Amino acid sequence: MRQVARLISAVVFCAVPLLSLAQSTVQGQTDYATVGLRPSDPVLSGFTACRAELELAFAVSGLVYKTLVDEGQIVSSGDILMRLDQEIEKIDLARRKAILLDDAELRAAVARSVIARKQMVSAERIHSTSGGISLEEVQNRTLASKLAEIEISRLEAQAKLDSFDYETAGENLRRRTLTAPSDGIISKIEIMTGESAQVNDPVMVLCDLSQLQFVANIPVTYADKLNSGMKVMVQIVSRDASVVGVVKFISPIIDSASGLQEVKILISDVEEWLRPGMSANLVLTP
């Protein structure tokens, strides 16, 4: 009997640690419904970000002649950021403009047409009244008048083509100047002055500040409470200030590792002090 009692005591002694280990394992499992939440209130942490990271590029190739901004510089929409070499394009534009403004040939054609028409009318009158000019001469003068009118039409059409060539030359010149498509911060310059830029290869990156957004990964429990277009409050931690945002995006995919969903809140009214990368909280009413 004593041996049996000792055996039972040994079994119980070994089972207690195993039971405690099993309980701790269960307690250690992650509850994805509360990941990222404070125990007291639903404050969801995230950060502010640019509306978009724009990779700016030239539509033509060329040598970078001048870079007019630095990394970290704030720019406004329409500001000139970079220029390629433009000498050939400037010369071509000036040449096209000279051709466009030179209307001497057209004015000469108009003058010839006026004289030809007068000669035609005079020949018709003389032929019909006195017969002093042959019918063949009348026909020749009529033909000369018609040809003069046709020449005017040709030169007018050529002037339109010259106008298109001038506009094309101007566009070729403009494409060698890179301007900011929106307000923002130059976050990176890929190609420096003196280097060659290729067609559509990014030369710099612009953080678009026309609008900011708040980005966070939040538990599914609270993501389900949000709807696209819904107004929410975003608290900027370092400023102890709040701004109003509108739900722009709720990821339809739940991250398998964390069990969180990504949300993006659009902040339209951007204060001057508000910058990308600031810590912020999405505050929801319980």
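Buried here means under 20% relative accessible area, exposed means over 50%, and partly exposed is anything in between, using a 1.4 Å probe on protein chains only. The model you're looking at is predicted, so local features need pLDDT of at least 70 and side-chain atom pairs count only at pLDDT 80 or more, while totals for chains, interfaces and linings use all residues. Residues are numbered from 1 along each chain as its sequence is written, and side-chain values use heavy atoms, with hydrogens and water left out.

**Exercise 1.** Place Ser 145 in the fold, decide whether Ser 145 is buried or exposed, and list its contacts.

*Solution.*
- Start with the element: Ser 145 sits in helix 4, residues 135–174. Helices (H or I, at least four residues) and strands (E, at least two) are DSSP runs, numbered from the N terminus.
- Next, the accessibility: a relative accessible area of 2% makes Ser 145 buried.
- Finally, the contacts, meaning heavy atoms within 4.5 Å. Skip the neighbours within four places in sequence, and Ser 145 touches Ala 116, Arg 117 and Met 120.

**Exercise 2.** Work out the strand order of the four-stranded open sheet, and say which strands stand at the edges.

*Solution.*
- Two strands pair if DSSP finds at least two bridges between them.
- Applying that, the order reads 2-9-7-4, with antiparallel pairing.
- Strand 2 (53–57) and strand 4 (74–75) are the edges; each has a single partner strand, so one side of each has no neighbour in the sheet.
- Now zoom in on one pair: five bridges join strand 2 to strand 9, residues 202–208. In this pairing, Glu 55 stands opposite Val 205 of strand 9.

**Exercise 3.** Find the disulfide, give its handedness, and say what it ties together.

*Solution.*
- Chemically, a disulfide is a covalent bond between the sulfur atoms of two cysteines. The working rule is a pair of cysteine sulfur atoms within 2.5 Å.
- That rule gives one disulfide: Cys 50 with Cys 207, sulfur atoms 1.4 Å apart.
- Cys 50 belongs to strand 1 (residues 43–50) and Cys 207 to strand 9, so the link ties together parts that are 157 residues apart in sequence.
- The torsion about the S-S bond of Cys 50 and Cys 207 is about -90°, so the disulfide is left-handed.
- Check the surroundings: Cys 50 is buried at 10% relative accessible area, and Cys 207 is buried at 5%.

**Exercise 4.** Describe the largest nonpolar core, and name the element that gives the most to it.

*Solution.*
- A nonpolar core is a set of buried Ala, Val, Leu, Ile, Met, Phe, Trp, Tyr and Cys residues joined through side-chain atoms within 4.5 Å.
- The largest one has 25 residues, and those with the most contacts inside it are Phe 214, Ile 218, Leu 226, Val 234 and Leu 282.
- Elements giving two or more residues to this core include strand 1, strand 10 (212–219) and helix 5 (220–223). Strand 10 gives the most, with four.
- Take Leu 226: not counting residues up to four places away in sequence, its contacts include Ile 218, Val 263 and Leu 282.
- Apart from the largest core lies another of 18 residues, among them Val 75, Ile 189, Ile 191 and Leu 206.

**Exercise 5.** Locate Asn 200 and Asp 240, and read off phi for each.

*Solution.*
- Asn 200 is in the loop between strand 8 (196–197) and strand 9. Though not a glycine, Asn 200 has a positive phi of about 65°, and at 56% relative accessibility it's exposed.
- Asp 240 is in the loop between strand 11 and strand 12. Its phi is positive too, about 50°, and Asp 240 isn't a glycine. With 66% relative accessibility, Asp 240 counts as exposed.
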